[in-house]
Amino acid sequence: MRLTKIVALAAFALVSAAASAQTVKIGFITSYSGLNGNLGPYMERAVRLYIKQHQKELPPGVKIELIIRDDTGPNPDKARQLAQELVVRDKVDLLAGVIFTPNAMSMAPIATEAKVPFVIMNAGTSVITTRSPYIARVSFTLWQSSYPLGQWAAKKYKTAYTLVSDFGPGHDAETAFMQAFKEGGGNIVASVRVPLQNPDWAAYLQRVKDAKPDTLFVFIPAGKTATAVMKNFSELGLGQAGIKLIGPGDITTDEELPNMGDVALGVTTMFHYSAAGDRPANKAFVAAWKKEYGANETPNFLSAASWDGTAMIFEAIRQQKGKIDPDKTMAIFKSWKFANSPRGPISIDPETRDIVQNEYLREVRKVGGQLANVELETFAAAVKDPWKEQQKKK
Ligand code: PHB
């Protein structure tokens, strides 16, 4: 064979190999800076770990490319701009990630216009999923945790004070808790909404102390914010005054427990994920995390959702043999079930594209010398977003 012919054949082989190799592009937006900017890596690491463990289950030749962007915290303009660029310039097949509700809300129209499936791995305000038929949520809603917590609290306490961050998830948490607490015969003594960024915790918590409620219900974004509340709660002596701190699991987020210290002991929360959960799938998840990222590292609920969201994306890739059709992808998401999530069995509600999962009643306790969100009971099984269930009846 003449040399030119050999070169030509080799070039042809290269081109066809490239054509048969499929790359699925995921535009992944989360926060690496700004408010609780330390949380982004808890999501990204989960996605990367899932890909590493499960890459071999993809159809031959199919690869995933993650294109990571920092939305700089609750910043809807920035998130919209990043999503636009990922869709138009990078031509991503899917959008995923997103910690903050305002960011998810601003990205929803882009998912709709471009027909790009958007997997929400945190943002928890109920209404988000109604903003685009291309959204599926694998995380949680605040209604899912705060409504059952209100039911539980009404059996234990007569009076409650609510304190929430003044944005979507805070409003949902407040409404859900208050509704259930009042239905159960409880009395709300006061409700306060505090600014999302840098509230004067001491001033707000002093007012709570003066009001002497049996319990204080708090929702604030997970992470460093939660530690600030916990420290102020303790320093002002609210615990000694007999006020019990309760909330969705965001207030005792797993990775912050060591920073909170013993002041967190005894705090009761309702949530769908704890790193201390003793399900075999969770034990394997936590062990794999520590092996990959270090013995002192722990996954949190953002990690669990990002892990599960990646599992859902893998299912869509497998069923379509690496070619992502937006409408087929959404159909696959709608019927997705995962018996082996670290948080227990989960599924997507086909009607609403929102997550269905268990809610666990938990208490911060010491286990082997370390603080942990110990799951006391499965308070409610296979919970659908209560807000959407109520809307249906209206
Ligand atoms: C949200 O913006 O939806 C959000 C942020 C932090 C949380 C929970 C929800 O811990």
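Contact means heavy atoms within 4.5 Å. Helices (H or I, at least four residues) and strands (E, at least two) are DSSP runs, numbered from the N terminus.

Welcome! This is a predicted model, in which local features need pLDDT of at least 70 and side-chain atom pairs count only at pLDDT 80 or more, while totals for chains, interfaces and linings use all residues. Residues are numbered from 1 along each chain as its sequence is written, and side-chain values use heavy atoms, with hydrogens and water left out.

**Exercise 1. Find which residues of helix α2 are buried, and what covers them.**

Step 1: Buried means under 20% relative accessible area, exposed over 50%, and partly exposed in between (1.4 Å probe, protein chains only). By that rule, the buried residues of α2 include Tyr-42, Met-43, Val-47, Leu-49 and Ile-51.

Step 2: Look around these residues. Their cover includes the strands β1 (22-30), β2 (62-70) and β3 (94-97), together with the helices α10 (280-293) and α11.

Step 3: Check the helix length. The expected span is 1.5 Å times one less than the number of residues. Helix α2 (residues 40-54) has 15 residues and should therefore span 21 Å; its end C-alpha atoms are 22 Å apart, which agrees.

**Exercise 2. Work out how the chain is divided and what its largest nonpolar core draws on.**

Step 1: Domain bounds come from an automatic or database domain assignment. Here they give domain 1 (2-140 + 279-350) and domain 2 (143-271 + 358-393).

Step 2: Taken over C-alpha atoms, the centres of domain 1 and domain 2 are separated by 30 Å. Each domain gives 26 residues to the contact.

Step 3: A nonpolar core is a set of buried Ala, Val, Leu, Ile, Met, Phe, Trp, Tyr and Cys residues joined through side-chain atoms within 4.5 Å. The largest one has 95 residues, and Leu-95, Phe-118, Met-121, Phe-177 and Phe-333 touch the most other members. Helix α11 (residues 301-319) supplies the largest share of this core, eleven residues. At least three core residues come from each of the two domains.

Step 4: Zoom in on Phe-333. Leaving aside neighbours within four places in sequence, its contacts include Leu-94, Pro-117, Met-312 and Ile-348. A second, separate core holds 25 residues, among them Tyr-161 and Trp-201.

**Exercise 3. Identify the residues that come nearest to the ligand, and the polar atoms that meet its oxygen atoms.**

Step 1: A residue is near a molecule or strand if one of its heavy atoms lies within 4 Å of it. There are 14 residues around the ligand, and Phe-100, Thr-101, Gly-124, Ala-222 and Asp-250 come nearest.

Step 2: A polar contact is a pair of N or O atoms within 3.5 Å; within protein, one must be able to donate a hydrogen and the other to accept it, and residues adjacent in sequence count only if both atoms are side-chain atoms.

Step 3: Go through the residues. A backbone N or O atom of Gly-124 is 2.8 Å from a ligand oxygen atom, and a polar backbone atom of Ala-222 is 2.9 Å from one. With Asp-250, a polar side-chain atom lies 2.5 Å from an oxygen atom of the ligand.

**Exercise 4. Is Val-98 buried or exposed, and where does it lie?**

Step 1: Val-98 lies in the loop between β3 and α4 (101-114).

Step 2: With a relative accessible area of 0%, Val-98 is buried. Its phi is near 80°, a positive value in a residue other than glycine.
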